[in-house]
Amino acid sequence: GDAVVLDVTLTAHHGGHFVFSACPIVAVAGEEDDEIEIPPPPSQECFDRHRLMFVRDLLHGANPDPDHPERAYIAPVDDPGYVPNYGSSAGGMYYSFEM
C-alpha cells in the first residue's frame with residue numbers, strides 16, 4: 001500500500017495509542033461533461049475495514065507492535081525526545097503508516 005505520514009500534536013499526555021483508518025472516496029463524472037458527483041461520506045464499516053498499519057514513529061523511533069500492528073503508541077513523557085511544544089510537531093508524534 002501507499003505510505004502516509006501523520007503529524008499528531010498532543011494537548012494532554014495520558015499515555016495510550018492511536019489507531020487510524022482511511023476510506024477511499026471516489027468522485028465520479030456526472031451527466032454533464034464538467035459535472036462531478038461527490039459520493040456520500042464513508043461509513044464506520046468502511047473505516048473498520050481500512051485500518052492503517054503502523055510503520056514507524058519518526059520522532060521517537062518506535063517500531064510496530066507485532067500483536068497490534070495498527071497501533072501507534074504515544075511516546076512516554078520521560079522519553080528524551082519528547083519535548084512538550086504545542087506549537088510544533090516536536091511536542092507530539094510523527095508517525096508513518098501504510099495504507
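A salt bridge is a side-chain nitrogen of Lys or Arg within 4 Å of a carboxyl oxygen of Asp or Glu. In this predicted model, a search of the whole structure finds one such contact, in which R49 pairs with E45 and the closest N and O atoms are 3.4 Å apart. Side chains of opposite charge can pair when their charged atoms come close. R49 and E45 stand four residues apart in helix α1, and therefore about one helical turn separates them. Both R49 and E45 are exposed.

**The chain as a whole**

The secondary structure of the protein chain comes to one helix and seven strands, and these elements follow the pattern β-β-β-β-α-β-β-β when read along the sequence. Of the 99 residues in the protein chain, 21% are buried.

**The disulfide**

Helix α1 also takes part in a covalent link, for the structure holds one disulfide, which joins C23 to C46 with an S to S distance of 2.3 Å. C23 lies in the loop between β2 (17–18) and β3, while C46 belongs to helix α1 (residues 44–49), so the pair ties together parts that are 23 residues apart in sequence. Are these two cysteines, C23 and C46, buried or exposed? Both C23 and C46 are buried, whereas R49 and E45, the partners of the salt bridge, are both exposed.

The two pairs can be set side by side.

| Pair | Contact | Atoms and distance |
|---|---|---|
| R49 and E45 | salt bridge | closest N and O atoms, 3.4 Å |
| C23 and C46 | disulfide | S to S, 2.3 Å |

**Patches on the surface**

Which residues gather in a patch of negative charge on the surface? The patch is formed by E31, E32, D34, E35 and E37. One of them, E35, lies in the loop between β3 (28–29) and β4 (36–37). E35 is partly exposed, with a relative accessible area of 35%, and because residues in a patch need over 30% relative accessible area and no salt bridge, this value of 35% for E35 meets the area cut-off.

A nonpolar patch of about 320 Å² is also present on the surface, and V5, L58, L59 and Y94 make it up. Among them, L59 is found in the loop between β5 (53–57) and β6 (72–73). L59 has a relative accessible area of 38% and is thus partly exposed, so that L59 too passes the cut-off of over 30%.

How values were computed. Residues numbered from 1 in each chain as written. Predicted model: local features only at pLDDT ≥ 70, side-chain atom pairs only at ≥ 80, totals over all residues. Heavy atoms only, no water. Patch = residues over 30% accessible without salt bridge, like charges linked within 9 Å, V, L, I, M, F, W, Y side chains within 5 Å. Areas by Shrake-Rupley, 256 points an atom, 1.4 Å probe, with all protein chains shown as cover. Lys, Arg positive; Asp, Glu negative; His and termini not counted. Charge placed at Lys NZ, Arg CZ, Asp CG, Glu CD. Helix = DSSP H or I, 4+ residues; strand = E, 2+ residues; numbered from the N terminus. Buried < 20%, exposed > 50% of the residue type's maximum accessible area, 1.4 Å probe, protein only. Disulfide = S-S within 2.5 Å.
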